[in-house]
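Trainee: Could you walk me through one part of this structure in detail? I'd like to look at a single helix and see how it fits in with the rest.

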Amino acid sequence: MLLAQEEAEMIAEGLYKAMKGLGTDDNALIELIALSSPVQLQRAKEIFDNKYPDGSLKKWIDEDTSGDYGKVLLALSNFFLFLFTFINITWIKHEINKIK
């Protein structure tokens, strides 16, 4: 569990560094979002939202990117978060059915 937390913290920090200051490290931003698992991305989002100033990860991505590129990154990150939620709900239902 500690390793997963450390990975999420590194992802959150990487996302912050990719977007802070002038300009955006687009390659890092894409890699961090596209290559993170839904669980990693959810935890990284929670860490980012609590650790870094000036709003949420969604707000940072929205303000740091534009046009279709920004929409795709937001959609991709939202899809992974949706997938994380879906997987958790499916697992919970499975566990409840095992009890019945």
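**A close look at one helix and its surroundings**

Mentor: Sure, and keep in mind as we go that this is a predicted model. Let's begin with the surface: the protein chain exposes about 6700 Å², and carbon and sulfur atoms supply 61% of that. On the inside, 30% of the chain's 100 residues count as buried. The chain has 5 helices and 0 strands, so to speak an α-α-α-α-α pattern when you read along the sequence.

Now zoom in on α2, which covers residues 26–35. Its buried residues are Leu29, Leu32 and Ile33. Look down the axis of α2 and you'll find these buried residues within an arc of 90 degrees, so they line one face of the helix. Here's the general idea behind that: an α-helix has 3.6 residues a turn, so residues three or four places apart point the same way. Flip to the face of α2 turned away from the buried side, and you meet the exposed residues Asn27 and Leu35.

What does the buried side belong to? The largest nonpolar core has 19 residues, and Leu29 and Ile33 are among those with the most contacts inside it, along with Leu15, Met19, Phe48, Leu57 and Ile61. The elements giving two or more residues to this core are α1, α2, α3, α4 and α5, and α1 gives the most, with 7 residues. As a general rule, nonpolar side chains in soluble globular proteins tend to be buried together.

Follow Ile33 to one of its partners. Leaving aside neighbours within four places in sequence, Ile61 is in contact with Ile33, and also with Met19, Leu73, Leu74 and Ser77. Links across the sequence show up in the chain's totals too: among contacts between residues at least 6 apart in sequence, 68% join residues at least 24 apart.

For contrast, try α3, residues 38–51. At 1.5 Å a residue, its 14 residues should span 20 Å, and its end C-alpha atoms are 20 Å apart, which agrees. Pro38, Leu41, Gln42, Ala44, Ile47 and Phe48 are buried in α3. Lys51 also sits in α3, but it counts as exposed because its relative accessibility is 52%, and the cut-off for exposed is over 50%. Between Lys51 and Glu9 there are 42 places in sequence, yet their C-alpha atoms are 9.8 Å apart in space.

Conventions: Residues numbered from 1 in each chain as written. Predicted model: local features only at pLDDT ≥ 70, side-chain atom pairs only at ≥ 80, totals over all residues. Heavy atoms only, no water. Helix = DSSP H or I, 4+ residues; strand = E, 2+ residues; numbered from the N terminus. Buried < 20%, exposed > 50% of the residue type's maximum accessible area, 1.4 Å probe, protein only. Contact = heavy atoms within 4.5 Å. Areas by Shrake-Rupley, 256 points an atom, 1.4 Å probe, with all protein chains shown as cover. Expected span 1.5 Å × (residues − 1). Core = buried A, V, L, I, M, F, W, Y, C linked by side-chain atoms within 4.5 Å. Arc of directions from axis to C-beta.
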